[in-house]
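Biologist: Before I rely on this model, I would like to go through the terms used for it. Please set each value against its definition.

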Amino acid sequence: MNRQPNNLTIRIMQACAPFAMAGIVILAGFGCGKSPQASADGAKPAAPSSTPSLAAAVWADSDDDGVPDAAELRSSDDRDSFRRWFAYIAEMQFYKLSGAWNEDQRDCAGLVRFAWREALRGHDRIWFQSISSGGEDYEAIAPDVKAYDLKRSPLGEKLFRADFGSFRQSDLTDGKFSEFADARTLKNHNVTFISRDRRQARRGDLLFFHQPRVQKFPYHLMIFIGDARHDSEGAGDWVVYHTGSSPNDNGEVKKVRLAVLDHHPDRRWRPVANNPNFLGFYRLKILE
């Protein structure tokens, strides 16, 4: 089994202790969200000229899901590469937060946005140096996505759909895509429902919870990573998520098994089919 140096094991022991205390820390930031005012996620806004001028056929939306075919990963190899990088980058934030992740964007949806962007970058020496100090903590775990990278994305930097409807090329200039997406926007416009049965989940899928009593940020999400890259303990039901932040608490990234969450002291946070607050597993539209 692949293991990081001993300091990772120490971090896990430290992180598990709060969870054991009746789940209080885990609940602290659930229902996370951030203001879209700090919406760049550390990336420069895309200038209008950064969106490629492609033939109309390239902008087809054959499945009417609001995302152009050109932005979807059509090959199984690309989908697998993206899943691996996406889950791995998210998992690594549990061990050490990347300096490349904008501090103002650290919440549950921000973790998805950050891992999504970084999964689409070219993972060369410069990337490894930028993702963490020296890049010594990261491994080359999969080939890069071949269809496009973040620099030549058909959507520019605006990866996230922000409104309902099938895709039209005018969506790129009239606010239908954005660099920012909170948990509600990710659920409504950027993913497809798969199942409430975890056996249907694949690496990189998202879990959503809805707590209507939390009026400001009622949605919370987690990233299903399945077989964790580090310290998997032979299990294949790992998730990672950010607890969210508040004026008095910056929150933190958690890594925990679904089997543990199944027994959460607050039933509203159990990822089980008979919990009405658990909405189920969803898949990124670019992977469908």
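Biologist: How much area does the chain expose, and what share do carbon and sulfur atoms supply?

Modeller: The chain exposes about 13,300 Å², and carbon and sulfur atoms supply 50% of it. Accessible areas come from the Shrake-Rupley method with a 1.4 Å probe; for residues, only the protein chains shown count as cover.

Biologist: What should I know about the source of these values?

Modeller: This is a predicted model, in which local features need pLDDT of at least 70 and side-chain atom pairs count only at pLDDT 80 or more, while totals for chains, interfaces and linings use all residues. Residues are numbered from 1 along each chain as its sequence is written, and side-chain values use heavy atoms, with hydrogens and water left out.

Biologist: What is the mean pLDDT of the chain, and where is the pLDDT below 50?

Modeller: pLDDT is the predictor's confidence in each residue, from 0 to 100. The chain has a mean of 85, and 79% of its residues reach 70 or more. Over residues 1–29 the pLDDT is below 50, and so it is over residues 43–54.

Biologist: What makes a residue count as buried?

Modeller: Buried means under 20% relative accessible area, exposed over 50%, and partly exposed in between (1.4 Å probe, protein chains only). By that cut-off, 51% of the 288 residues are buried.

Biologist: Why is a set of residues called a nonpolar core?

Modeller: Because its members are buried Ala, Val, Leu, Ile, Met, Phe, Trp, Tyr and Cys residues joined through side-chain atoms within 4.5 Å. The largest such core has 59 residues, and Phe82, Trp85 and Phe86 are among those that touch the most other members. Helix H3 (76–95) is one of the contributing elements, and its share, 10 residues, is the largest. Helices (H or I, at least four residues) and strands (E, at least two) are DSSP runs, numbered from the N terminus. A second, separate core of 13 residues includes Phe224 and Trp269.

Biologist: What does Phe86 touch?

Modeller: Contact means heavy atoms within 4.5 Å. Leaving out residues up to four places away in sequence, the partners of Phe86 include Trp116, Ile223 and Leu284.

Biologist: Why do S3 and S7 stand at the edges?

Modeller: Two strands pair if DSSP finds at least two bridges between them. The open sheet has the order S3-S8-S4-S5-S6-S7, with antiparallel pairing. Strand S3 (191–195) and strand S7 (253–257) each have a single partner strand, so one side of each is left without a neighbour in the sheet.

Biologist: How many bridges join S6 to S7?

Modeller: Five, and the two strands run antiparallel. His242 has Val253 in S7 as its bridge partner.
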